[in-house]
Amino acid sequence: MKKDKFVLRATLRFLAAARRANEGIASRRASDAEAVRALNFQRNSGRVAEAPSERGSAAAAEGGKNRPWSERNKFVLLVIFSALWAGASFAGQTPDAWQTLKGEHFVVYYRPDVPDDFAQTTMDSAENALQRITDNMGIIDDLEWAAEKRIKIYVYSDHDDFVTNGHQALWSHGAALVRLAKIVTYPEAGGFFDAILPHELGHIVFRHDIGLSAAVPLWFEEGVAIYQEKAKRLGSDKLVREAIKNGQFIPLSRLTGMRLYRNSNSQIVDLFYTESASAVHYLITQWGSLEFTMLLNELKSGTPFDKALHKVYLRFETIDDLNQAWVDYLQVQS
Ligand SMILES: [Zn+2]
């Protein structure tokens with residue numbers, strides 16, 4: 001039984017990779033960018049992390065681009081599909097059973113057992129969040145792009161359905177697939193409307209604004225997404241101050257080089273996200289939203305992060321200058 005489940009999961013992962021390959025990822029650069037932006041939300045420990053499964057999918061998609069699918073592969077896929085349709089119902093759901101709710105900027109896809117009013121509240125909440133996030137980033141936008149793209153929000157039945165049929169990591173509660181303008185998540189008590197939804201939408205708006213190919217440190221990208229979650233935005237300064245006091249603080253220069261993996265030390269990962277939130281919060285609140293918008297514009301035009309930072313905030317010649325100013329600010333506030 002366990003083995004069957006393993007085989008089915010492996011098959012589903014394979015199918016997800018095949019689907020992405022067929023959707024066609026334009027270049028290695030786009031694949032890498034997508035991998036970085038397949039970002040998952042882990043609410044229990046209040047942090048977000050990359051989804052290794054999505055990294056795998058992006059890599060598989062890249063392979064698919066270089067080696068077009070043969071007829072034989074297509075046949076194998078067809079057989080697997082047929083087998084799935086014939087016998088499989090995972091976590092109480094068939095993989096493609098969705099109801100649809102269309103709005104101005106979003107389409108909510110939700111499982112038959114997810115109540116209609118939850119889907120409607122998701123839609124209303126997403127519309128509000130989209131406006132708020134755009135304002136937060138100082139983006140003057142008529143949201144035409146969102147109306148055209150219709151950002152897709154997939155609401156799975158529960159965590160089991162989300163992990164099994166949504167191909168997500170066990171510890172994950174939500175993910176943003178930026179290139180596809182797609183959010184995947186499931187209803188959960190507390191945090192869904194205030195944290196998961198705005199966070200994932202934050203990733204999509206951010207990348208819509210600066211473009212998929214702009215290179216920014218992960219801490220900055222995550223900091224912008226966490227900024228959209230009010231509770232974490234306001235709580236992070238205190239935690240960073242504690243980290244400074246007990247010698248665990250990671251300077252921005254080191255944070256910039258950090259990548260996170262499934263087996264990364266959880267305390268370090270928590271600190272990574274807390275510091276990211278605090279640093280972005282500092283930039284926006286202490287240096288103004290106009291400057292922040294200018295920073296985003298520089299990044300959009302391809303200026304490397306360090307140079308863009310210096311161009312907009314003259315006193316930050318290096319990332320260390322920003323680090324020092326931020327730490328000084330936190331210590332004065334305590
Ligand atoms: Zn994130």
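What share of the contacts in the protein with a separation of 6 or more is accounted for by residues 24 or more positions apart? The share is 72%, where two residues are in contact if their C-beta atoms, placed from the backbone, lie within 7 Å.

The structure on display is a predicted model, in which local features need pLDDT of at least 70 and side-chain atom pairs count only at pLDDT 80 or more, while totals for chains, interfaces and linings use all residues. Residues are numbered from 1 along each chain as its sequence is written.

**The whole chain**

Begin with a cartoon view of the protein, whose secondary structure comes to 15 helices and 7 strands. These elements are DSSP runs numbered from the N terminus, helices being H or I over at least four residues and strands E over at least two. Of the 334 residues, 39% are buried. A residue counts as buried if 20 or more other C-beta atoms lie within 10 Å of its own, as exposed if 12 or fewer do, and as partly exposed in between, with C-beta atoms placed from the backbone.

**The nonpolar core**

Next, select A126, I153, V155, L201 and V280. Among the 67 residues of the largest nonpolar core, these touch the most other members. Such a core is a set of buried Ala, Val, Leu, Ile, Met, Phe, Trp, Tyr and Cys residues joined through C-beta atoms within 7 Å. Domain 1 (2-210) and domain 2 (218-333) each contribute at least three residues to this core; the domain bounds come from an automatic or database domain assignment.

**Helices α5 and α8**

Select residues 116-136, helix α5, together with residues 192-210, helix α8. The two pack at an angle of about 55 degrees, with their axes 10 Å apart. Axes are lines fitted to C-alpha atoms, for helices over the stretch in contact, and angles run from 0 to 180 degrees between N-to-C directions. The angle makes α5 oblique to α8, given that angles under 35 degrees count as roughly parallel, over 145 as roughly antiparallel, 65 to 115 as roughly perpendicular and the rest as oblique. From α5, the contact is made by S125, A126, A129, L130, I133 and T134, and from α8 by F193, L197, P198, L201, G202 and V205.

Now centre on L201. Apart from neighbours within four places in sequence, L201 is in contact with A126, A129, L130, I133, I183 and Q228.

Move to M123, which also lies in helix α5. Is M123 buried or exposed? M123 is buried, because 20 other C-beta atoms lie within 10 Å. Outside its neighbours within four places in sequence, M123 is in contact with L101, G103, F106 and V108. A distance drawn from M123 to I153, 30 residues apart along the chain, gives 8.7 Å between C-alpha atoms.

**Helix α9**

Select residues 218-227. This is helix α9, which is mostly covered, with 10 of its 10 residues buried. Among them are W219, F220, E221, E222 and Y227.

**Helix α10 and its two partners**

Select α10 (residues 230-245) and α12 (residues 266-287), which pack at an angle of about 115 degrees with their axes 8 Å apart. Helix α10 is therefore roughly perpendicular to α12. In α10, K232, R233, S236, D237, L239, V240 and A243 meet L271, T274, E275, A277, S278 and H281 in α12.

Keep α10 selected and add α15 (residues 319-333): this pair packs at an angle of about 100 degrees, with axes 10 Å apart. Here too, α10 is roughly perpendicular to its partner, α15. D237, V240, R241 and I244 of α10 make the contact with V327, L330 and Q333 of α15.

**Three stops in the loops**

Most residues other than glycine have a negative phi. Select L143, which has a positive phi of about 60 degrees although it is not a glycine. L143 sits in the loop between α5 and α6 (144-149) and is partly exposed, with 16 other C-beta atoms within 10 Å.

H167, not a glycine, has a positive phi of about 60 degrees as well. Its place is the loop between α7 (159-164) and β6 (174-177). With 21 other C-beta atoms within 10 Å, H167 is buried.

Finish at P304, in the loop between α13 (289-300) and α14 (305-312). P304 is partly exposed, as 13 other C-beta atoms lie within 10 Å. P304 and A215 are 89 residues apart in sequence, yet their C-alpha atoms are 6.9 Å apart in space.
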